[in-house]
Amino acid sequence: FLEVTPDHPLSYSDYHHSVIYPLRNFLTLATGASIVPRNVVGFSSKCAGCDQDQQDGIQIYYKAKGAALDPGKQSVATDFLFTYDDIKDHFPDALQNWFVKSEPLSDVIDLYFGLFYISPMYLHLELLTLAQALETYHRSMHEGIYTSEAEYQVLEQAINQVIGASRVDKSLKDSLRNRVHFGNQYSFRKRLHLILARVL
């Protein structure tokens, strides 16, 4: 068992969202397998002066939603990204860091770990989901623009004047203006290269 003591009262719904969900994702990251709690027991703090051993545990029944678990699959250490032994010397810090970063990266986490908790999908859809997760991660951590918005606005206006003066079809003009409007943002290819450059 892992004991978690909130510093203020929580409903089970809030507890699940703020504690169980990020903890389960942390373990999924480590093991590469979908994780759900098998047993949840709560203890009341109303018994002033009682040791926890003297308190009666409250069994909590819940439904594990959206878990595509394979009961026949056995994880082995070689499948793990890391084990407890790898981080035991700084386990509290690693876990705290994960909880702190889970909230601002919630969109990335939902995309990535969602692949572990839904029924298997087509391979190309998994690839698209992972690509979206990577792009969302980079957008969350880095601004991802070539120059300042003020400088680019001047450039965009100049390009749009040239586009407007051309004799091409209006639909093509609209398409070009749309591309120019987002032209200051890094492409997915560049974002991917920058991510890989940090880890390789």
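**Exercise 1: The ring cluster**

Find out which residues are linked into a cluster by ring pairs in this predicted model.

*Solution.* Start with the aromatic side chains and follow the ring pairs from one to the next. They link Phe26, Phe82, Trp98, Tyr112, Phe113 and Phe116 into a cluster. Now widen the view: the count of aromatic pairs comes to nine.

Next, pick one pair from the cluster. The ring centres of Tyr112 and Phe113 lie 4.9 Å apart, and their planes make an angle of 80°, so this pair is edge-to-face. The cut-off you need here is that planes over 60 degrees apart count as edge-to-face.

**Exercise 2: Another pair to classify**

Work out how the rings of Tyr84 and Phe91 are arranged.

*Solution.* First, recall what you have to look up: a pair of aromatic rings is described by the distance of the centres and the angle of the planes. For Tyr84 and Phe91, the centres are 5.4 Å apart and the planes stand at 70°, so you can call the pair edge-to-face.

**Exercise 3: Buried or exposed?**

Decide whether Tyr112, Phe113, Thr28 and Tyr61 are buried, partly exposed or exposed.

*Solution.* You need two cut-offs: under 20% relative accessible area is buried, and over 50% is exposed.

- Tyr112 has 31% relative accessibility, so it's partly exposed.
- Phe113 has 4%, so it's buried.
- Thr28 has 0%, so it's buried.
- Tyr61 has 73%, so it's exposed.

For the whole chain, 22% of the 200 residues count as buried.

**Exercise 4: Around Thr28**

Say where Thr28 lies and what it touches beyond four places away in sequence.

*Solution.* Begin with the element: Thr28 is in helix H1. Then look for its contacts, skipping residues up to four places away in sequence: Thr28 touches Ala33, Ser34, Ile35, Phe113, Phe116 and Tyr117. Two of these names should ring a bell, as Phe113 and Phe116 also belong to the ring cluster. As for Tyr117, the charged end of Arg24 sits over its ring, 4.1 Å from the centre. You'll find another such arrangement at Tyr186, where Lys190 lies over the face of the ring at 4.9 Å from its centre.

**Exercise 5: Two helices that cross**

Describe how H1 and H3 cross and which residues meet there.

*Solution.* Take the axes first. H1 covers residues 12–31 and H3 covers residues 91–102; their axes come within 10 Å and cross at roughly 115°. The crossing is right-handed.

Now list the two sides. H1 brings Ser18, Val19, Pro22, Leu23, Asn25, Phe26 and Leu29, and H3 brings Phe91, Ala94, Leu95, Trp98, Phe99 and Ser102. Sort them by class and you get ten nonpolar residues, three polar and no charged ones.

**Exercise 6: Stepping back**

Place Tyr61 in the chain, then sum up the secondary structure.

*Solution.* Tyr61 sits in the loop between strand S2 (58–60) and helix H2 (84–87). Tyr61 and Val40 are 21 residues apart in sequence, with 7.5 Å between their C-alpha atoms. Altogether, the chain has eight helices and two strands, in the order α-β-β-α-α-α-α-α-α-α. Finally, of the contacts between residues at least 6 apart in sequence, 64% join residues at least 24 apart.

Notes. Residues numbered from 1 in each chain as written. Heavy atoms only, no water. Phe/Tyr/Trp six-rings, centres within 6.5 Å; stacked < 30°, edge-to-face > 60°. Buried < 20%, exposed > 50% of the residue type's maximum accessible area, 1.4 Å probe, protein only. Lys NZ or Arg CZ within 6 Å of the ring centre and 35° of its normal. Axes fitted to C-alpha atoms, helices over the stretch in contact; angles between N-to-C directions. Helix = DSSP H or I, 4+ residues; strand = E, 2+ residues; numbered from the N terminus. Left-handed = near helix turned anticlockwise from the far one by under 90°. Contact = heavy atoms within 4.5 Å. Nonpolar A, V, L, I, M, F, W, Y, C, P; charged D, E, K, R; others polar.
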